Number of protein chains: 2
Amino acid sequence: MNQHELLKECSLKNDKKILFCVVDGLGGIQKDGKTELEVARTPNMDQLAKDGSCGLHIPVIPGIAPGSGPAHLALFGYDPLQFLVGRGILAALGGGLDVREGDVCARVNFCTVDEQGVVTDRRAGRIPTEKGEQLCATILSKLPPIPGVELQLKAIKQYRAALVLRGAGLGDALNDSDPMKPGLPHLEITGRDAASEKTARILQEFVRHVREILKEESPANMISLRGFGIHKPYPRFQELYKLTPAAIAAYPAYKGVARLVGMDVLDCGKTFDEEIACLQNNWEHYDFHFIHYKDPDAAGEDGNFEKRVELFEYFDSKLPTLRALNPDVLIVTGDHCTPAVCSDHSGHSVPLVICGGLQRNDSVQTFTEEALLRGSLGIMQSEHILTMAMAHAGKLKRFGP
Amino acid sequence: MNQHELLKECSLKNDKKILFCVVDGLGGIQKDGKTELEVARTPNMDQLAKDGSCGLHIPVIPGIAPGSGPAHLALFGYDPLQFLVGRGILAALGGGLDVREGDVCARVNFCTVDEQGVVTDRRAGRIPTEKGEQLCATILSKLPPIPGVELQLKAIKQYRAALVLRGAGLGDALNDSDPMKPGLPHLEITGRDAASEKTARILQEFVRHVREILKEESPANMISLRGFGIHKPYPRFQELYKLTPAAIAAYPAYKGVARLVGMDVLDCGKTFDEEIACLQNNWEHYDFHFIHYKDPDAAGEDGNFEKRVELFEYFDSKLPTLRALNPDVLIVTGDHCTPAVCSDHSGHSVPLVICGGLQRNDSVQTFTEEALLRGSLGIMQSEHILTMAMAHAGKLKRFGP
């Protein structure tokens, strides 16, 4: 029996509400002797640590820094080494394209090539989103039908777009066309099995047409494709947990991973304040809300320690509003750490509080990496957080006789 | 995707150096209220605990006391329940025999039998190593060819030797011939499948010849065979971690397990001081060094608490020399505990410090089992130590989109 079978057997529906609040990139390492959380003044997070069960968690294995996809899958209780997620599927689902079983998805970049086809700018000068939308419309209006395949192309943000191919017998054993650094030509897309060879021929034809359509454009006169993946539906969150889940996330990738597990993705604006308003407006309609706060991750990737301190303090100021909704169980954690010192996601354990319901208290008084280490949850796998929260909410029955 | 596939995908080469220092049998349990580490004066290990990330680790599952083979495989990141290692293979590789895929290996004991073939001494009075070498030479010079098989026999230490059979279609589903206690005759070696039956007949013929060759010898007038195993190459350490690894271990078994994963095994003398000299001499040539300090394990098996205290203090005195090499990441840990109270390996968690690079500090001040428990690494699986050290050294890229 695996964890999902166990959950299906043990989960039960009641009227308790769980609020799962993900502060992207929460948790750091010391700079001049202190971590971001140790410097930040966070009285409300400290109070939450006092009130709840504390600990830390490991997204994959210690040391492995996950991308947003695997990190969120782990938070939702999906083993990220079993449920591998491709960049293309995340882009397509995040962009709200209609993705069905068997469709091939890819992440698209608008880029700049010279007359010889050498990539001079992989991001086409980071064109604005509106330009990307206009280019997608142009391509779709001029593209001749390609036999055997239905095609969706949609702008996501700036130079990013997503592509979905639908047709019989497609494959995804395909190489990226993006050379990943400027000064090189695009790679010819080829397939490593029969179905993928067929798909590669379709993609080659598509790319040829796009090049022709965009040839007078500047700077975005070409596209690259990467992260090919065939969509296979995941076990549905609803069926595992018997929850009615809503996802509130401004950024496409997080919408994507929420859609992947079957959550209702709410239209929530662009800022964390707008997300909170969306949460308040939809509070009655769901018994599980996932709300995502992106900014601390971006500041971490920029190596901006002080900014992260500010953003944690900002989040702290919003926490009373979240608690005022009176969730029966409130989870506050990150998907992974993004220490400013690393300027990148890291593989350190991630701060965690689960507050409310049938909880074991501990004597943790502050929301810092080291203080949380003394909590009653210890260091756990991310994959088990939600099961623990379900237990807090009385949503699990006994396993076995 | 399993851990090894994950490592292959995420590991990257840079110029950082990792020093992995294994103090065999490190970590104990209390005698008169204190553990060996709590009694020992270890200012340098305490300083390392202050400087690094602290924790403990579990080689297999809590309570399971591993042998040297599985314990070191776990330290090297090989799941010891998946990568089972036989005594014969460890003996053959440790002894420096030429072992190739498909070879059958066995551990050999010289022993004493009476006229009826009853074993009177399983270790032939612990004959000196030179005598073992001489007996092996005698056997090889007088042994007639055995059809279908090429054979290596090599003395290891005292009464111990190793045997390697090479030939087509050999099997290793074979019982040991060693009765494991005196007063019993040797067991006839039989095979549990067709390939192993063929191999058993070869081994029976070999043993008959050896008995004839040794019949005038005393006390070593016979051999026993055990721990049969066919060698299947392991995933190479180099390919998993993109490291260039050297092993510095005076004792054969540790050379064996290092060879098993593909490390360069350096010629390092017999004492820890000689090992350290070897490390210094080879420091520039590798980016990963495994150095092994054996003595505390032997003292633990002897139940000698005070000796272990002394040996930990001795190790402590050498730690500044190791740190003077300026490894980018230094790991100091054990393969398992050998508490003097147990007079044996034990299944308790093993002390661990990983120091250097992108580390999360903690407030641990002393290198003792209880103090380390408050460290930022928590209690982890041994299998993940090296991944964490790789992260400290910036040798892992992000997993997934």
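# Reading contacts, burial and backbone in a two-chain model

Tutor: Let's start inside chain A of this predicted model: eight residues of domain 1 of chain A are in contact with seven residues of domain 2 of chain A.

Student: Which element gives the largest share of the domain 1 side?

Tutor: That is helix H9 (residues 252–260) of chain A, with seven residues. By class, this side of domain 1 has four nonpolar, two polar and two charged residues.

Student: Where do the two domains of chain A run in the sequence?

Tutor: Domain 1 covers 3–83 + 235–392, and domain 2 covers 90–230. Their C-alpha centres lie 33 Å apart.

Student: Let's look at H9 in the other chain. What makes helix H9 of chain B largely enclosed?

Tutor: Burial needs 20 or more other C-beta atoms within 10 Å. Eight of the nine residues of H9(B) are buried, so the rest of the structure largely encloses this helix. Among them are B:Tyr254, B:Lys255, B:Arg259 and B:Leu260. The cover includes helix H4 (68–75), helix H5 (87–94) and strand E10 (288–293) of chain B. Just after the helix, B:Gly262 has a positive phi of about 95 degrees.

Student: Now the long sequence stretch 194–214 of chain A, helix H7. How do you know what span to expect for H7?

Tutor: The expected span is 1.5 Å times one less than the number of residues. H7(A) has 21 residues, which gives an expected 30 Å. From first C-alpha to last, H7(A) reaches 30 Å, close to that expectation.

Student: Why can we speak of one face for the buried residues of H7(A)?

Tutor: The buried set includes A:Ser196, A:Ile202, A:Phe206 and A:Leu214. Looking down the axis of H7(A), the buried residues fall within an arc of 165 degrees, so they line one face of the helix. They pack against strand E3 (104–113), helix H6 (129–142), strand E6 (160–166) and strand E7 (222–230) of chain A. The face turned away from the buried side carries the exposed A:Ala194, A:Arg208 and A:Glu212.

Student: Why is A:Thr35 called buried?

Tutor: The cut-off is 20 or more other C-beta atoms within 10 Å. A:Thr35 has 26 of them, so it is buried. It sits in the loop between strand E1 (18–23) and helix H2 (36–39) of chain A.

Student: How do you know that A:Thr35 and A:Glu369 are in contact, when their C-alpha atoms are 8.0 Å apart?

Tutor: Contact is judged on C-beta atoms, which must lie within 7 Å, so the C-alpha distance does not settle it. A:Glu369 is among the residues that A:Thr35 touches, as are A:Gly28, A:Ile29, A:Gln30 and A:Thr368. The two are 334 residues apart in sequence.

Student: And what makes B:Asn14 exposed?

Tutor: A residue is exposed if 12 or fewer other C-beta atoms lie within 10 Å. B:Asn14 has 11, so it counts as exposed. Leaving aside neighbours within four places in sequence, B:Asn14 is in contact with B:Gly394 and B:Lys395.

Student: Why do A:Met180 and A:Pro219 deserve a second look?

Tutor: Because most residues other than glycine have a negative phi, and most peptide bonds are trans. A:Met180 is not a glycine, yet its phi is positive, about 70 degrees. With 11 C-beta neighbours inside 10 Å, A:Met180 counts as exposed. The peptide bond from A:Ser218 to A:Pro219 is cis, with omega near 0 degrees. In chain B, the bond from B:Ser218 to B:Pro219 is cis too. There, B:Asn326 also has a positive phi, about 60 degrees, without being a glycine.

Student: Last one: do the two chains meet through the same or different surfaces?

Tutor: Different ones: only 3% of the interface residues of chain A are also interface residues in chain B, so the copies use different surfaces. In all, 31 residues of chain A are in contact with 23 residues of chain B. The chain A side divides into 17 nonpolar, 11 polar and three charged residues. Chain A can be laid on chain B with an RMSD of 0.1 Å by a turn of 126 degrees and a shift of 0.0 Å along the axis.

Methods:
Residues numbered from 1 in each chain as written. Chains lettered and ligands numbered in written order. Predicted model: local features only at pLDDT ≥ 70, side-chain atom pairs only at ≥ 80, totals over all residues. Nonpolar A, V, L, I, M, F, W, Y, C, P; charged D, E, K, R; others polar. Helix = DSSP H or I, 4+ residues; strand = E, 2+ residues; numbered from the N terminus. Arc of directions from axis to C-beta. Least-squares fit on C-alpha atoms with pLDDT ≥ 70 in both. Domains from an automatic or database assignment.
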